[in-house]
Amino acid sequence: MCGIVGFIGKEEAAPILLDGLARLEYRGYDSAGLAVFGEEKGLQVVKSKGRLQALSDLTKAGSTIQGTAGMGHTRWATHGVPSDVNAHPQASESGRFAVIHNGIIENFAEIKEFLQNQGVKFSSQTDTEVAANLLDYLYEGDLLEAVSKMLHRIRGAYAFGIICADCPDMLVGVRKDSPLILGHGEGFNFFASDVTAIIKYTREVSYLDNDEIAVITREGTQVYDSYLQPVKKERHHVDWEVSAAEKGGYAHFMLKEVMEQPEALRKTISPRLQNGQVKLDDLHFDVQYLKAMDKIYIIACGSSYHVGMAAKYTLEKLLHKPVEVALASEFRYCEPLVSEHTLAIVISQSGETIDTLTAMREAKRLGARVLSIVNVVGSTIARESDDVIYTWAGPEIAVATTKAYSTQLAVTYLIGLAFAQMMGTIEKEEYEAIVNELQLLPEKLQKVLEQREAIQYFASLYFNHSSIFFIGRHLDYAVGMEGSLKLKEISYIHSEAYAAGELKHGTISLIEDGTLVVALASYKPLFEKMMSNVIEVKSRGADVIGLTTEDVGPEMMKTVDHIITVPDTHPMLLPSLDVVPLQLFAYYVALQRGCDIDKPRNLAKSVTVE
């Protein structure tokens with residue numbers, strides 16, 4: 001959620017800041033603004049409700065706001081409705097400070113009341129203006145001292161960008177539980193909430209840790225802890241190409257990322273398969289630990305939670321250990337039964353999702369060992385985990401995840417196979433069969449993508465429905481949950497996924513003439529039971545799109561209205577193929593409805609507030 005970018009150098013800052021904010025639009029926002037210091041006009045703040053284009057038009061692409069040091073922000077409203085006044089940056093009453101902020105200041109009301117009693121007047125409803133005025137109140141000529149004092153008085157999660165009119169040759173960045181990185185250049189430097197904003201200008205980055213304060217000047221950067229003691233930061237090189245964050249001729253990032261999935265799977269799987277063996281060199285588990293495990297907790301949110309739901313079936317089968325899947329937002333509050341023999345597998349695309357991060361910390365506090373599956377190298381969850389496997393999916397720009405889901409799922413297969421071999425819970429023949437099919441997944445996925453036109457046709461038949469249901473059993477149910485989420489989040493159609501065996505327990509009362517049901521029946525051991533459920537909904541007037549494997553497609557077609565098939569593979573791997581037609585169906589339905597597919601309303605790519 002929200003986007004931050006700060007720049008100081010020798011070039012005009014505003015056009016660079018607008019370009020950086022444009023690359024952060026995928027994070028979700030409802031207003032945008034700039035604060036730039038210029039020698040002639042001093043500290044200038046310009047902001048606007050709505051899309052970034054409105055801010056660009058207001059500043060004539062940045063040409064009307066001059067200066068070589070500044071910062072920009074795209075805001076997703078938390079405190080205060082979306083408006084010009086509530087947009088960031090927020091300035092202090094005196095105009096000395098401008099602040100941009102991701103996160104929430106939990107004790108803002110208490111601080112605001114104190115400042116109002118000191119005579120400070122507020123113009124917005126935001127907690128960010130409280131931070132700006134608190135800084136001004138604490139400022140006695142030393143900017144860093146004021147920032148340090150502020151951090152010891154506020155509670156919550158935050159990433160701050162700060163500019164002070166008295167110190168025009170520096171920017172200050174601060175973080176706690178909300179991402180902030182530094183970008184290093186020659187004669188210029190950045191801070192940003194995401195490397196996507198600055199990759200066009202530099203590939204050398206550092207990652208701030210909690211309670212660290214960064215001073216950014218034209219000459220370099222210096223990081224301090226909250227007591228202003230210097231901290232040495234390691235630099236990292238970002239090796240993906242700028243083009244990976246561009247549409248490359250596709251109408252939307254989501255479609256591009258759907259089509260990139262075969263290659264994304266290759267990058268995730270191929271380096272970890274050597275001579276027919278799964279090799280996870282970054283992990284350091286011994287067989288004694290694995291055999292002593294009392295349970296595995298999978299902790300995640302959203303689509304990553306659905307990865308966990310599919311992984312539960314496969315890991316329990318492979319490892320013969322109980323697996324519990326927990327929503328990260330609920331984990332801390334359910335008094336989880338965790339011990340030193342519990343493995344917590346934490347799944348997050350960004351590695352910064354606040355619910356997942358705090359749940360991970362709780363699992364560690366209770367004694368669990370944490371293995372994270374993350375896409376973003378150097379992210380907070382990756383750094384704080386005991387072990388981490390990167391998906392190597394590359395940047396994912398569309399809010400609705402596609403290739404991140406697919407690569408996370410692939411990593412769970414690799415973990416299961418590696419652990420099962422170590423523990424001796426899988427037969428050699430089955431291990432070899434699954435590994436062989438893993439290698440073929442990208443090729444088979446490419447074959448699924450060749451059905452785009454047929455799926456687009458089905459979308460044209462049903463895009464005007466107000467409610468759509470997904471049903472399935474076992475792994476098919478787990479995939480149906482993800483298909484339903486994709487549809488609802490980008491098309492705004494009400495959609496639910498149900499375990500097909502639950503139909504008679506109430507759900508079937510919602511089925512009437514013309515209701516669309518997407519029936520997943522790829523898991524062959526339950527195919528006949530699934531077809532009984534299809535007949536049940538058909539007899540009550542439903543239209544049914546069936547999804548199954550090529551070898552049983554003709555049989556299913558006798559009952560359903562339309563069918564989508566995927567190549568046959570090992571049953572454990574079917575979710576990797578089944579999910580892609582559902583992603584495409586959601587995309588084409590949203591396209592027919594004229595929705596903003598890459599930036600659906602009210603949603604953000606990375607949720608960094610609870």
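**A path through the model**

N275 lies in the loop between β16 (273–274) and β17 (277–278); here strands are DSSP runs of E with at least two residues and helices are runs of H or I with at least four, both numbered from the N terminus. The model is a predicted one, in which local features need a pLDDT of at least 70 and side-chain atom pairs count only at pLDDT 80 or more, while totals for chains, interfaces and linings use all residues. Residues are numbered from 1 along each chain as its sequence is written, and side-chain values rest on heavy atoms, with hydrogens and water left out.

Most residues other than glycine have a negative phi, and most peptide bonds are trans. Against that background, N275 has a positive phi of about 55° although it is not a glycine. With 81% relative accessibility, N275 counts as exposed, a class that requires over 50% relative accessible area, whereas buried means under 20% and partly exposed lies in between, computed with a 1.4 Å probe on protein chains only. Y492, in the loop between α16 (475–491) and β24, also has a positive phi, near 65°, without being a glycine; the relative accessible area of Y492 is 27%, so this residue is partly exposed. A further backbone feature is the cis peptide bond from H88 to P89, whose omega is near 5°, with P89 placed in the loop between β4 (69–75) and β5 (90–91).

From the loops the path leads to helix α5 (residues 143–151), which is mostly covered, since seven of its nine residues are buried. The buried residues of α5 are L143, L144, A146, V147, S148, M150 and L151. An α-helix has 3.6 residues a turn, so residues three or four places apart point the same way. The cover over the buried residues of α5 includes the strands β6 (97–105), β7 (156–164), β8 (171–176), β12 (212–216) and β13 (221–224), together with helix α4 (127–138). At the N-terminal end of α5, D142 acts as a cap, with a side-chain oxygen 3.2 Å from the backbone nitrogen of L144.

Helix α14 (residues 428–449) holds E437, and Y431 is found in α14 as well. Y431 has 3% relative accessibility and therefore counts as buried. When neighbours within four places in sequence are left aside, Y431 is in contact (heavy atoms within 4.5 Å) with G276, Q277, V278, L417, Q421 and I426. The C-alpha atoms of Y431 and V278 are separated by 9.7 Å, although the two residues are 153 residues apart along the chain. E437, at 15% relative accessibility, is likewise counted as buried. The side chain of E437 makes a polar contact of 2.7 Å with the side chain of K444; such a contact is a pair of N or O atoms within 3.5 Å, of which, within protein, one must be able to donate a hydrogen and the other to accept it, and residues adjacent in sequence count only if both atoms are side-chain atoms. Apart from neighbours within four places in sequence, the contacts of E437 are K444, D568, T569, H570 and L573.

The structure also holds 13 aromatic pairs, meaning rings of Phe, Tyr and Trp (its six-membered ring) with centres within 6.5 Å, which count as stacked when the planes are under 30 degrees apart, as edge-to-face when over 60, and as tilted for the rest. One of them joins F469 and Y498, whose ring centres are 6.1 Å apart and whose planes stand at 35°, so the pair is tilted. Because F469 lies in strand β23 (residues 467–472) and Y498 in strand β24 (residues 494–499), this pair ties together parts that are 29 residues apart in sequence. F469 is buried, with a relative accessible area of 5%, whereas Y498 is partly exposed at 23%. Y587 and Y588 form an edge-to-face pair, 5.1 Å centre to centre with 75° between the planes, and both of these tyrosines are buried. Elsewhere, ring pairs link F7, F188, F190 and Y201 into a cluster.

The last stop is a cavity. The residues lining the second largest cavity are R473, D476, L520, A521, S522, Y523, L526, F527 and M530, and this lining divides into six nonpolar, one polar and two charged residues. In that division Ala, Val, Leu, Ile, Met, Phe, Trp, Tyr, Cys and Pro count as nonpolar, Asp, Glu, Lys and Arg as charged, and the others, Gly among them, as polar. A cavity is a set of points, on a 1 Å grid over the protein atoms alone, where a 1.4 Å probe fits but cannot get out, and lining residues have an atom within 4 Å of a point.

Methods:
On a 1 Å grid over the protein atoms alone, a cavity is a set of points where a 1.4 Å probe fits but cannot get out, and a pocket is an open set with protein on both sides within 12 Å along at least five of seven lines; lining residues have an atom within 4 Å of a point.
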